[in-house]
Amino acid sequence: MRRLLLAFIFGGFVIAAAADAWFFGAERHGEFWWSQVYGFFSLCGFIGCLAIIVFAKFVLGSRLQRKENYYHQRTSP
Amino acid sequence: MSHLSPAVVFLFGALLLPFLPRRARSLAFLLFPLLAFVSVSQFEEGMSATQRFLNFDLVPLRVDRLSLAFGYVFILIAFLGGVYSYHLKDTGQQVAALVYAGSSLGVLFAGDFFTLFVYWEIMAVASVYLIFARCTERSREAGFRYLLVHLFGGSALLAGILWQYVETGSILFDRSEGGAAAYLILLGFSINAAIPPLHAWLADSYPEGTVTGSVFLSAFTTKTAVYVLARGFAGWEILMIAGTVMAFYGVVFAFLENDIRRVLAYHIVSQVGYMVAGIGIGTDIAINGSTAHAFAHILYKGLLFMGAGAILYSTGKSKMSELGGLARPLPWVLLLYMVGALSISAFPLFSGFVSKSLVVHAAELNHNTVVVLLLNVASVGTFLSIGLKVPYFTWFGPERSVKTQPVPWNMYAAMILAGGINLAIGIYPEPLYRVMPFPVAYPPYTAAHLLETLQLLAFTGLAFWLVIDKIHAEPTVTLDFDWFYRRPAPVLFRLTVVSLDRLFTAAELITLNLAHRLAQACANPIEFASRFLSQSGDRGDRDIGGDKVLYDPNRYRPPVGFIILVVLSCFVFLLAWNLFLA
């Protein structure tokens, strides 16, 4: 299942890049560096999503997440 | 009626509502947004009204395209909120909602700082009632924290206003050019706009509001702040940076949250970030973008809070770790929630697509590479939490036996209306663009924009699917900047209240004991002195609340007589001295 999904994602990248190339051709000129990268936004979505999950869960979560009653276990005056 | 501020219509409605028959109140509630709409639709650009008060020329009404754009959507959400809460039989909440909406409109149309400040404070007080009205321990605590933070913000705003008045002699609310007064005013506005690190009140309090109250809360406070920032601080670069940070900050923290309404609250921070970034850019198209995004955001965020509220109403729960498998009992709520989710995720054909892209386009035109990239990546996080994680764990995901009760028809009606408007804006954005502050000539549906957005969202979905088994809804709380005032609160309470209380008690005891001894000493100095000298004081006297009789005329007669004898002797002596010796 996972292999199939990975194959699907890889195929998706190829299709996205091809779609960019087909729509914009070799003449695509934008003012940003990513304008030259076909399929950039698919990479951006994929890597951005994984980066947010990893950063939120493993970098911030491990430091900032507490039990649900954290503010109520010892704080009552 | 043409010069009547819509704020007055709502405030009059709030006064009138309690005197109407109970059954008619929900229907009458809907009448006031309609009347306010009639009032606003008669406004003309550039119209204003002045009022002399003490030594000030107040401007309670000033109309321009910016205030009109916000005014229309405020009235719209007040109406939709009224439909959503039609089943409610709580006059307090209905009155608070009317006052809240009215005071927000008062801020929009205020032309001077004093009028703005008064409405600003009314807004804080009215809104906190919608949190208190949930009547839980947590809502009470969150409400007090909300109130304290907003009173602090209001104080900063007032200090800035007074400073400006002393410096310039003007109380008119126009674009600020800088200086200490402007920074104080900016601080007051930034608290309401929930700019980190001043944002924690939002994620702390909005999820604790009532089912219907949170719909109103999600619309007014932050968006009035966006409006005042757009009017007073457009083009301040610090806001562009702050907005970009907000957009990112909100999505990251939202991902960690378990309560659906807290996820939505963090996404208010994120979405307001786009608006604040647009204001920071400050060009005409950027202000259009911020205004359009605020317009769309009020509608889709209202819809999302309605969806989350419907779940809370139906199941009594709002935490993803306690929900799951609701697709069968609540399919229509899922469908309508997804309209809001796709709108906030800027899916083509939904409202967010035509509003968010205006802000990003303004950043592109301004050549802000980092801002453009980060705002695009932030929208990935939006879709991840709102469009994928929340629906998966609430309606699908692990099946939990959650009991549901039917959702009232009016809740569905409000969601259908809000969803319909979101779709209408997404499909045909011209009417939205027509009410923007500046002319809009931006076609959102270009091949490039569609390709970019579809790639971004499709691959976000694929990445989520790839790691879905690693993601869990956990019953945790995430520490945020509110930790800095919530955690030390008990220590501060002990220091400032308990310790002081003990100090006052001790001082009171010492004073009373001293007074008691003094009374004894004055009553019978000889006995007191003899007791003091022989160190055989009556231990029982320490008990000031005891039954001991303090005054006995026979007992005190000799010493009093002795004192009179001494005084008379002195008098006789002095008299004799004067008569015979002087």
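## Where the two chains meet

Buried area is the accessible area that two parts lose on being put together, summed over both. In this predicted model, chain A and chain B bury about 4600 Å² between them, and carbon and sulfur atoms give 71% of that area. On the side of chain A, F41(A), E68(A) and Y71(A) lose the most area to chain B, together accounting for 17% of what that side buries. The contact involves 45 residues of chain A and 48 residues of chain B.

Polar and charged groups take part here too. There are 10 residue pairs in polar contact between chain A and chain B, counting pairs with both residues at pLDDT 80 or more. Several elements of chain A supply at least two residues each to the side that touches chain B: α1 (2-24), α2 (40-64), β1 (65-67) and α3 (70-73). The largest share of that side comes from α2(A), with 17 residues.

## Charges across the interface

The count of salt bridges between chain A and chain B is 2. In a salt bridge joining the two chains, the side chain of E68(A) meets that of K319(B), at 2.9 Å from N to O. You have met E68(A) already: this residue is among those of chain A that lose the most area to chain B.

Y71(A) is another residue from that group, and here a charge meets a ring. R486(B) lies over the face of Y71(A), at 3.7 Å from the ring centre. R486(B) also belongs to a network of salt bridges with shared partners, together with R145(B), D204(B) and D482(B).

## Chain A on its own

Chain A has 3 helices and 1 strand, which follow the pattern α-α-β-α along the sequence. Of its 77 residues, 39% are buried.

Two of the buried residues are aromatic: F32(A), with a relative accessible area of 8%, and W34(A), with 4%. How do the rings of F32(A) and W34(A) pair? Their centres are 4.8 Å apart and their planes lie at 10°, so the pair is stacked; planes under 30 degrees apart count as stacked.

## Aromatic pairs in chain B

A search of the whole structure finds 38 aromatic pairs over all chains. One in chain B brings together F43(B) and F109(B), whose ring centres are 5.5 Å apart with planes at 75°, so this pair is edge-to-face. The pair links distant parts of the chain, 66 residues apart: F43(B) is in the loop between α2 (25-41) and β1 (48-53), and F109(B) is in the loop between α4 (91-108) and α5 (113-132). Both rings belong to buried residues, with F43(B) at 6% relative accessibility and F109(B) at 0%.

Chain B also has an aromatic cluster, formed by F113(B), W120(B), F173(B), Y183(B), F189(B), F233(B) and W236(B). Elsewhere in chain B, the charged end of K356(B) sits over the ring of Y274(B), 4.9 Å from its centre.

## Around helix α6 of chain B

Helix α6 of chain B spans residues 137-168 and includes S139(B). Is S139(B) buried or exposed? At 0% relative accessibility, S139(B) counts as buried. Leaving aside residues up to four places away in sequence, S139(B) touches I131(B), F132(B), R134(B) and E208(B).

E137(B) lies in α6 as well, but at 46% relative accessibility this residue is partly exposed. E137(B) forms a salt bridge with R140(B), where the closest N and O atoms are 2.9 Å apart. The two residues are separated by about one helical turn, because they are 3 residues apart in α6. R140(B) is partly exposed, at 38% relative accessibility.

## A buried salt bridge

E208(B), the contact of S139(B) mentioned above, has a charged partner of its own. A salt bridge joins E208(B) to R262(B), with 3.3 Å between the closest N and O atoms. E208(B) lies in the loop between α8 (200-205) and α9 (213-232), while R262(B) is in helix α11 (residues 260-281), so the pair ties together parts 54 residues apart in sequence. Both partners are buried.

The C-alpha atoms of E208(B) and E137(B) are separated by 9.8 Å, although the two residues are 71 places apart along the chain. Over all chains, the structure holds 13 salt bridges. Another of them joins D57(B) and R52(B), at 3.1 Å from N to O, and D57(B) is partly exposed at 46% relative accessibility.

Note on methods: Residues numbered from 1 in each chain as written. Chains lettered and ligands numbered in written order. Predicted model: local features only at pLDDT ≥ 70, side-chain atom pairs only at ≥ 80, totals over all residues. Heavy atoms only, no water. Phe/Tyr/Trp six-rings, centres within 6.5 Å; stacked < 30°, edge-to-face > 60°. Buried < 20%, exposed > 50% of the residue type's maximum accessible area, 1.4 Å probe, protein only. Helix = DSSP H or I, 4+ residues; strand = E, 2+ residues; numbered from the N terminus. Lys NZ or Arg CZ within 6 Å of the ring centre and 35° of its normal. Contact = heavy atoms within 4.5 Å. Buried area = accessible area lost by both parts, 1.4 Å probe. Salt bridge = Lys/Arg side-chain N within 4 Å of Asp/Glu carboxyl O. Polar contact = N/O pair within 3.5 Å; in protein donor to acceptor, adjacent residues only side chain to side chain.
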